[in-house]
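Dear colleague,

I am passing on the structure below, and after it I have set out what was found. Please read the notes with the structure open beside them.

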Amino acid sequence: MMFSKSAKNRLKFFILLLISASIIIFFIYNNLKKNTVYFYAPQEIKNLSGVPANKVRLGGLVKEGSLKKNNNTYIFVITDLKNEILVEYNGLLPNLFAEGKSAVVEGFLRDKKYFIASTILAKHDENYMPPEVANALKQKKSK
Amino acid sequence: MFGIFKPRTFFNLASTSIFWLKIIFIFSIIIGLGLALVFSPIDYLQKDTVRIMYVHVPSSWISLLIFLIIGICSFISLIFRVKVFSVYAKSVAPIGLVFSLISVVTGSLWGFPTWGTFWSWDGRLTSMFILVLTYILYVLLWSFIKDYNSAEKITNIVGVVGLINIPIIKFSVAWWNSLHQPSSITLTAAPTIHSSMLAPLLIMFFSFSILSLIIFLIRYKYEIINFRVNKK
Amino acid sequence: MISEFLNMGGYGLYIWLSYVFAALSLVSLYYSSVKKLASIKSAEHLYQTEKNEEASISVQANRF
């Protein structure tokens with residue numbers, strides 16, 4: 001490949017720039033990862049040094065059989081299959097909210113085991129299939 | 001070494017191929033829409049809202065792909081001073097902008113019935129928002145800077161720098177806890193979309209790609225003639 | 001039958017809004033591009049007649 005000399009110089013300069021830029025971005029990214037979490041998993045809440053006073057999000061599976069309704073208040077358990085956190089919520093549940101599915105709840109931690117939610121978002125997973133297939137899979141699992 | 005990218009090659013290609021591309025597009029979009037809206041099954045959880053995915057996912061893919069092209073063209077233009085690559089990038093940018101907007105709008109319209117919110121600042125949604133802003137910046141810079149050479153240089157830089165965002169968007173769902181679901185289609189594992197839903201998705205992607213190519217060829221023709229006229 | 005199709009199991013509003021938004025924005029992009037080209041088409045001969053000069057766009061200019 002024939003490049004002119006000035007193109008070669010520009011390329012060298014550019015590669016140098018690229019390397020230094022990626023190093024900077026790597027550091028920024030590492031920092032971002034620490035400071036900006038979209039939601040905490042129950043395990044991450046457990047590992048926190050204190051109980052955060054500001055609004056946080058908690059994400060995980062809604063434990064099967066844990067959803068209870070008391071007047072307008074829902075109580076359920078968010079779990080990552082190791083740690084469990086009890087969530088209290090007052091309001092309407094989104095359509096896709098269900099036991100055994102993922103959800104993200106927004107609100108305040110009263111303590112490390114009790115969460116008072118003001119908003120609930122149902123999280124969808126990466127599986128897409130027709131109902132018949134889902135039923136067949138379910139039956140296969142229970143056999 | 002850039003012989004096949006000579007302006008004339010593409011210019012002639014544009015004149016002869018648009019007709020056939022239009023015919024292919026019409027056939028594939030009819031099949032794609034038929035499958036997406038009528039013949040594909042509902043999802044076991046999302047029910048009918050899964051049909052929004054057949055517009056949302058191809059649009060997102062194309063908006064990422066087009067920015068990748070803009071970035072690579074800007075890089076070549078910046079380093080090797082092959083001016084025609086800036087013309088390619090300039091012609092394709094508005095298409096990417098429109099598809100990124102479609103991606104964000106249809107995503108919100110899917111999010112409201114599914115998640116329970118139109119918007120949330122998680123990793124994927126935030127990085128996609130930045131992509132839309134980058135597209136807007138890129139297109140506006142071309143139209144606001146009157147001097148061609150300085151517009152070219154500045155937009156090239158925006159194109160190359162904006163490239164950093166592409167892997168961030170792609171891997172945001174793997175790197176961060178996010179509300180957005182992880183990728184269903186990856187290079188390393190079998191897709192987690194049932195084949196009856198994968199078919200309309202891929203056909204819609206094909207149709208959108210052909211449409212992008214048609215619009216690109218038209219815009220490219222305009223830009224090349226414009227380039228020549230301005231030189232007079 | 002048709003209203004059932006339009007209703008889309010209760011999600012019709014979101015689904016049709018998505019498809020309509022996508023269709024409208026793509027159609028307007030297409031027509032604005034066609035219109036732009038038509039507005040300058042009279043100058044196309046400038047390009048067609050100067051085959052030898054095309055190198056001026058594609059050539060590597062070694063300034064900078």
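In this predicted model, the side chains of A:Arg57 and A:Glu106 meet in a salt bridge, with N and O 3.0 Å apart. A:Arg57 belongs to strand E1 (residues 56–62) of chain A and A:Glu106 to strand E5 (residues 102–111) of chain A, so the pair ties together parts that are 49 residues apart in sequence. The two partners fall into separate classes of exposure: A:Arg57 counts as partly exposed because its relative accessibility is 21%, while A:Glu106, at 17%, counts as buried, the limit for buried being under 20%.

A search of the whole structure finds five salt bridges over all chains, and two others deserve a description here. In one of them, A:Lys63 pairs with A:Glu84, the closest N and O atoms being 3.0 Å apart. This pair also links distant parts of the chain, since A:Lys63 sits in the loop between E1 and strand E2 (68–70) of chain A and A:Glu84 in strand E4 (residues 84–90) of chain A, 21 residues apart. A:Lys63 is partly exposed at 34% relative accessibility, and A:Glu84 is partly exposed with a relative accessible area of 34%.

The other lies in chain B, where the side chains of B:Lys90 and B:Glu223 meet in a salt bridge at 3.1 Å, N to O. Here B:Lys90 comes from helix H3 (residues 84–114) of chain B and B:Glu223 from helix H7 of chain B, so the pair ties together parts that are 133 residues apart in sequence. Both B:Lys90 and B:Glu223 are buried.

Both residues of the A:Lys63 and A:Glu84 pair turn up again around A:Val77, a residue of strand E3 (residues 73–79) of chain A. Leaving aside neighbours within four places in sequence, A:Val77 is in contact with A:Leu61, A:Val62, A:Lys63, A:Ser66, A:Glu84, A:Ile85 and A:Leu86. The C-alpha atoms of A:Val77 and A:Leu61, which are 16 residues apart along the chain, are separated by 8.2 Å. A:Val77 counts as buried because its relative accessibility is 11%.

Turning to the nonpolar interior, the largest core has 92 residues, and those with the most contacts inside it are B:Tyr54, B:Ile70, B:Ile95, B:Leu131, B:Phe208 and B:Ile214. Helix H7 (residues 195–231) of chain B gives the most to this core, with 17 residues. If neighbours within four places in sequence are set aside, B:Ile95 is in contact with B:Ile66, B:Ser212, B:Ile215, B:Phe216 and B:Arg219, and also with C:Leu29. A second, separate core of 18 residues includes A:Leu58, A:Val87, A:Phe97 and A:Val105.

Where do chain A and chain B meet, and how much area do they bury between them? They bury about 3300 Å², 66% of it on carbon and sulfur atoms, with 35 residues of chain A in contact with 40 residues of chain B. The count between these chains is zero salt bridges, whereas 13 residue pairs are in polar contact. On the side of chain A that touches chain B, the elements that give two or more residues are helix H1 (5–35), strand E6 (114–122) and helix H3 (131–142) of chain A, and the largest share, seven residues, comes from H1(A). By class, that side of chain A has 23 nonpolar, four polar and eight charged residues.

Chain C has four helices and zero strands, and buried residues make up 36% of its 64 residues. Two of its residues appear in the surroundings of B:Thr49, which is found in the loop between helix H1 (7–39) and helix H2 (50–80) of chain B. Neighbours within four places aside, B:Thr49 is in contact with B:Trp110, B:Pro113 and B:Thr114 as well as with C:Tyr11 and C:Ile15. The side chain of B:Thr49 reaches the backbone oxygen of B:Gln46 at 2.5 Å, and B:Thr49 counts as buried because its relative accessibility is 1%.

With best regards

Terms used:
Residues are numbered from 1 along each chain as its sequence is written. Chains are lettered from A and ligands numbered from 1 in the order in which they are written. This is a predicted model: local features need pLDDT of at least 70, side-chain atom pairs count only at pLDDT 80 or more; totals for chains, interfaces and linings use all residues. Side-chain values use heavy atoms; hydrogens and water are left out. Buried means under 20% relative accessible area, exposed over 50%, partly exposed in between (1.4 Å probe, protein chains only). A polar contact is a pair of N or O atoms within 3.5 Å; within protein, one must be able to donate a hydrogen and the other to accept it, and residues adjacent in sequence count only if both atoms are side-chain atoms. Contact means heavy atoms within 4.5 Å. Buried area is the accessible area (1.4 Å probe) that two parts lose on being put together, summed over both. A salt bridge is a side-chain nitrogen of Lys or Arg within 4 Å of a carboxyl oxygen of Asp or Glu. Ala, Val, Leu, Ile, Met, Phe, Trp, Tyr, Cys and Pro count as nonpolar, Asp, Glu, Lys and Arg as charged, and the others, Gly among them, as polar. A nonpolar core is a set of buried Ala, Val, Leu, Ile, Met, Phe, Trp, Tyr and Cys residues joined through side-chain atoms within 4.5 Å.
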